[in-house]
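Here are a few exercises to work through with the model open beside you. Try each task before you read its solution.

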Amino acid sequence: IAYREALQLKPGDGVLRGRLGRALKDCNQFDEALVLFEKLRADDLKDPFPWRQIGYVRKFLGQIELAIPAFEESLKLEPKQPEVWGNLMAAYHAAGRLEDVKRAYQRLLPLDSEWAKATYRELLLPYGVAP
């Protein structure tokens, strides 16, 4: 991967490390991606990016109970992330936390009504939950 070569030239570059982590995640190399994202998180606990990526990796690995706090922290740091709200709703749903799904839906709705409606149809409508 070109990002690995670029990191040889700039080993401390957080942007390059993040891009490498995303490329690894997208190629299903979750363990290596997770190590990179956890290092990025340790470097800056107030950056929502590594928290979000850790949530995605944990979700892909089926580690829903570990994905949830990562998504929540990313959203605490930067609430205007519709995709993360949708993924948090899916994680809550997988964990059987219907009230949390509804609460997250209310947060997603003003950010991206189309995404909120699609997620509502997928996760809440089957339960007969009114918006």
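**Exercise 1. Check the span of α6, then find what packs on it.**

Step 1: take the 13 residues of α6 at 1.5 Å a residue, which gives an expected span of 18 Å. (The expected span is 1.5 Å times one less than the number of residues; helices are DSSP runs of H or I of at least four residues, strands are runs of E of at least two, and both are numbered from the N terminus.) Step 2: compare with the model, where the end C-alpha atoms of α6 are 18 Å apart, so the two agree.

Before going on, a word on what you're looking at. This is a predicted model, in which local features need pLDDT of at least 70 and side-chain atom pairs count only at pLDDT 80 or more, while totals for chains, interfaces and linings use all residues. Residues are numbered from 1 along each chain as its sequence is written, and side-chain values use heavy atoms, with hydrogens and water left out.

Step 3: list the buried residues of α6, which are Val84, Trp85, Gly86, Asn87, Leu88, Met89, Ala91 and Tyr92. (Buried means under 20% relative accessible area, exposed over 50%, partly exposed in between, with a 1.4 Å probe and protein chains only.) Step 4: look for the cover over these residues, which includes α4 (48–60), α5, α7 and α8. Step 5: follow the chain just past α6, and you meet Gly96 with a positive phi of about 75°.

**Exercise 2. Describe the surroundings of Tyr92.**

Step 1: place Tyr92, which sits in helix α6. Step 2: check its exposure; the relative accessible area is 0%, so Tyr92 is buried. Step 3: collect its contacts (heavy atoms within 4.5 Å). Skipping residues up to four places away in sequence, Tyr92 touches Ile68, Glu72, Arg97, Asp100, Val101, Arg103 and Ala104. Step 4: add a distance: Tyr92 and Lys102 are 10 residues apart along the chain, and their C-alpha atoms are separated by 9.5 Å.

**Exercise 3. Which helices supply the largest nonpolar core?**

Step 1: find the core. A nonpolar core is a set of buried Ala, Val, Leu, Ile, Met, Phe, Trp, Tyr and Cys residues joined through side-chain atoms within 4.5 Å. The largest one has 20 residues, and Phe71, Leu88 and Met89 have the most contacts inside it. Step 2: sort by helix; α5, α6 (82–94), α7 (98–108) and α8 (113–123) each supply at least two residues of this core. Step 3: pick the top contributor, which is α6 with six residues. Step 4: note that another core, of 13 residues, lies apart from this one, with Phe30, Leu36, Phe49 and Val57 among its members.

Now zoom in on Phe71. Leaving aside neighbours within four places in sequence, its contacts include Trp51, Tyr56, Val84, Leu88 and Ala91.

**Exercise 4. Sort α3 and α8 into inner and outer faces.**

Step 1: recall the geometry. An α-helix has 3.6 residues a turn, so residues three or four places apart point the same way.

Step 2: start with α3, where Phe30, Ala33, Leu34, Leu36, Phe37 and Leu40 are buried. Down the axis of α3 these fall within an arc of 165°, so they line one face of the helix. (The arc is that of the directions from the helix axis to the C-beta atoms.) The face turned away carries the exposed residues Asp31, Ala42 and Asp43. Val35, also in α3, counts as partly exposed at 42% relative accessibility.

Step 3: repeat for α8, where Ala116, Thr119, Tyr120 and Leu123 are buried. They cover an arc of only 105° around the axis, which puts them on the same side of α8. Their cover includes α6 and α7, while Glu114, Arg121 and Glu122 are exposed on the face turned away.

**Exercise 5. How far should you trust the model, element by element?**

Step 1: take the confidence overall. The mean pLDDT (the predictor's confidence in each residue, from 0 to 100) is 89, and 88% of the residues score at least 70. Step 2: compare the elements: helix α1 (residues 2–9) has the lowest mean pLDDT, 56, and helix α5 (residues 64–77) the highest, 98. Step 3: set that against the fold, which has eight helices and zero strands.
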